[in-house]
Amino acid sequence: MSTIDVKVPDIGDYKDVPVIEVLVKDGDVVEKDATIMVLESDKSTLEVPAPVAGVVRGFKLKANDKVSQGDLICQLESAEAGKPAAAAAPAPAPAKAEAAKPAAPAAAPAAPQKSAAPAAASVIKVAVPDIGGYSGVPVIEVLVKDGDTVEKDATLIVLESDKSTLEVPSPAAGVVRGFKLKANDKVSQGDLICELETVGEQVVVEAAPVAAPAPQPTVSAPAATAPVVDAAPLPAPVAVASNEVAYAGPATRKFARQLGVDLTKIAGSGARGRIVIDDVQAYVKRTLAAPVAASTAAVAGGSGIPPIPAVDFSKFGEIETKPLARIRKLSAAHLHRSWLNIPHVTQTDEADITEVEAFRKAASDDGGVKLTMLPFIMKALSKALEAYPEFNSSLAPDGESLILKKYFHIGFAADTENGLVVPVVRDVDKKGVAQLAKECGELAKKARDGKLKPDDMKGGCFSISSLGGIGGSHFTPIVNAPEVAILGASRAQIKPVWDGKAFQPRLMLPLSLSYDHRVIDGALAARFIVLLVKLLSDVRRLAL
């Protein structure tokens with residue numbers, strides 16, 4: 001036995017490269033070219049192989065340690081390292097020397113010495129297995145190369161169909177021959193992957209002994225093609241992953257990094273617990289389906305979504321740090337939670353409010369309550385909600401039922417110096433436009449003065465976000481959970497509208513209806529907004 005040092009190879013002038021995967025531990029038995037650990041530079045990953053077969057000694061590295069070219073990784077105690085191949089025997093001594101020593105009898109039995117001789121090799125063809133009738137399936141991961149030694153059931157390649165990934169294992173232990181596949185190649189069932197050169201059990205043969213005291217002439221033997229192990233053969237190597245590092249391939253690791261997923265939290269479903277891409281996808285789906293435990297976790301990038309990296313902006317110029325208002329922090333957490341948990345869809349349309357606007361101006365000029373478009377929209381919404389009760393509901397926490405509400409409380413987003421708040425007007429269906437305008441004005445003033453009470457913002461069934469006084473066209477409002485829909489109203493504009501004979505100037509109000517697609521489908525949303533447009537286009541309908 002001899003010992004060799006295993007050092008970090010050439011890694012392209014990088015220094016302090018992190019160890020992202022450790023595949024052995026001190027005392028493990030490894031084969032030649034078996035991966036000891038995986039490093040990751042800024043641009044690629046690098047697998048560090050064992051230069052010879054042997055036993056790992058002095059291995060102390062762990063995940064997240066940093067190494068540079070030439071650093072000592074471990075030592076390998078190996079019979080192969082430093083063992084010279086058998087040399088040809090020296091030429092026979094001169095006759096004089098032979099006479100000086102008695103010749104050994106030709107037929108005398110020699111003390112047996114055991115040595116290993118390989119059995120005849122056989123070749124196995126490895127083809128793509130049954131992949132469910134798919135053809136042209138892409139290779140997403142290649143785990144071996146031509147000449148590699150693999151164990152039985154070791155993964156050779158990973159395929160990916162439309163619905164799943166498939167690891168193709170080695171049917172036997174052996175040496176990979178004729179392997180030419182690479183990532184993104186496409187294969188079908190029965191296509192040849194490679195050939196496996198397998199070897200049977202070692203055969204024990206008798207070798208001529210070495211003379212005890214003095215050298216004797218022997219018959220020359222051919223040079224050995226493999227090292228001869230004097231001791232008992234080493235046990236088959238076992239791939240052992242560190243308890244601190246997940247067992248996954250480069251493609252899976254890249255996918256997990258893109259999503260910001262910690263692989264150590266995932267249980268692998270692949271061979272020998274290997275984590276595959278499907279495991280990462282399933283983990284993300286489970287995490288997103290779970291409720292966010294705290295608002296701070298949501299803002300900080302919970303649910304498996306990577307946080308936005310911190311940047312020192314002072315390096316680029318003068319900055320000022322201004323604390324975020326409490327209302328904005330609370331709103332941010334609530335909106336983030338809603339956006340993560342609700343599958344949003346936004347339906348847009350335009351309502352012809354020419355007649356409603358004329359009526360609004362005339363009513364305001366009469367010296368009564370100042371009217372805006374908001375109470376008209378509220379009144380129209382109460383009728384649309386009554387016609388389509390799914391919009392006036394909430395999804396039960398277990399997701400198995402719908403809670404339909406028999407009341408019509410509508411909230412509206414009020415802009416304040418500290419951020420948006422949503423006061424709620426109750427029983428909109430039972431109130432006239434003038435009364436709704438009065439209550440909206442009072443609630444908006446309380447919001448600006450910071451005097452809204454918690455009860456003023458509770459119990460809403462539906463919300464309105466109106467940007468008409470500021471500008472813009474359509475936008476995508478975020479559903480105010482646990483509500484299932486929200487209406488966005490933008491600035492109305494005069495547009496030419498065809499009346500069947502000619503284009504007429506009409507005042508068109510852009511509407512954006514965002515909804516929870518788990519509760520409301522596209523057809524229902526279209527019917528809802530069409531009815532809303534019809535109600536807003538004729539003020540008389542609001543009185544019905």
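**Notebook: strands, rings and one loop residue**

I started at Pro496, whose bridge partner in strand 29 is Pro505. The model is a predicted one, and I keep that in mind for each entry below.

Entry 1, the hairpin. I looked up the two strands around that bridge. Strand 28 covers residues 493–498 and strand 29 covers residues 503–516. They run antiparallel, and six bridges join them. I then checked the turn: four residues lie between the strands of this hairpin. Among the backbone angles there, I noted Gly500, which takes a positive phi near 105°.

Entry 2, an open sheet. I traced a sheet of four strands and wrote down the order 1-8-6-3, with antiparallel pairing. Which strands are the edge strands? They are strand 1 (2–7) and strand 3 (29–30), and each pairs on one side only. I followed strand 3 inward to strand 6 (residues 54–57), to which two bridges join it in an antiparallel run. For Val29, I found the bridge partner in strand 6 to be Val55.

Entry 3, aromatic pairs. I searched the whole structure for ring pairs and got five. I took Phe359 and Phe376 from the search: their ring centres are 6.2 Å apart and their planes stand at 90°, so I logged the pair as edge-to-face. The cut-off for that class is over 60 degrees. Where do the two residues lie? Phe359 is in helix 6 (residues 354–365) and Phe376 is in helix 7 (residues 373–387), so the pair ties together parts that are 17 residues apart in sequence.

I looked up accessibility for both rings' residues. Phe359 has a relative accessible area of 42% and is partly exposed. Phe376 comes out at 0% and counts as buried. I also noted a cluster, in which ring pairs link Tyr388, Phe391, Phe462 and Phe528.

Entry 4, Ile342. I placed Ile342 in the loop between helix 5 (326–341) and strand 19 (344–352). Is Ile342 buried or exposed? Its relative accessible area is 6%, so I entered Ile342 as buried; the cut-off is under 20%. I listed what Ile342 touches, leaving out residues up to four places away in sequence: Val479, Ala481, Glu483, Asp516 and Arg518. Last, I took the C-alpha to C-alpha distance from Ile342 to Ile478, which is 9.2 Å, with their positions 136 residues apart in sequence counted as the separation.

Notes:
Residues are numbered from 1 along each chain as its sequence is written. This is a predicted model: local features need pLDDT of at least 70, side-chain atom pairs count only at pLDDT 80 or more; totals for chains, interfaces and linings use all residues. Side-chain values use heavy atoms; hydrogens and water are left out. Rings of Phe, Tyr and Trp (its six-membered ring) pair if their centres lie within 6.5 Å; planes under 30 degrees apart count as stacked, over 60 as edge-to-face and the rest as tilted. Buried means under 20% relative accessible area, exposed over 50%, partly exposed in between (1.4 Å probe, protein chains only). Contact means heavy atoms within 4.5 Å. Two strands pair if DSSP finds at least two bridges between them.
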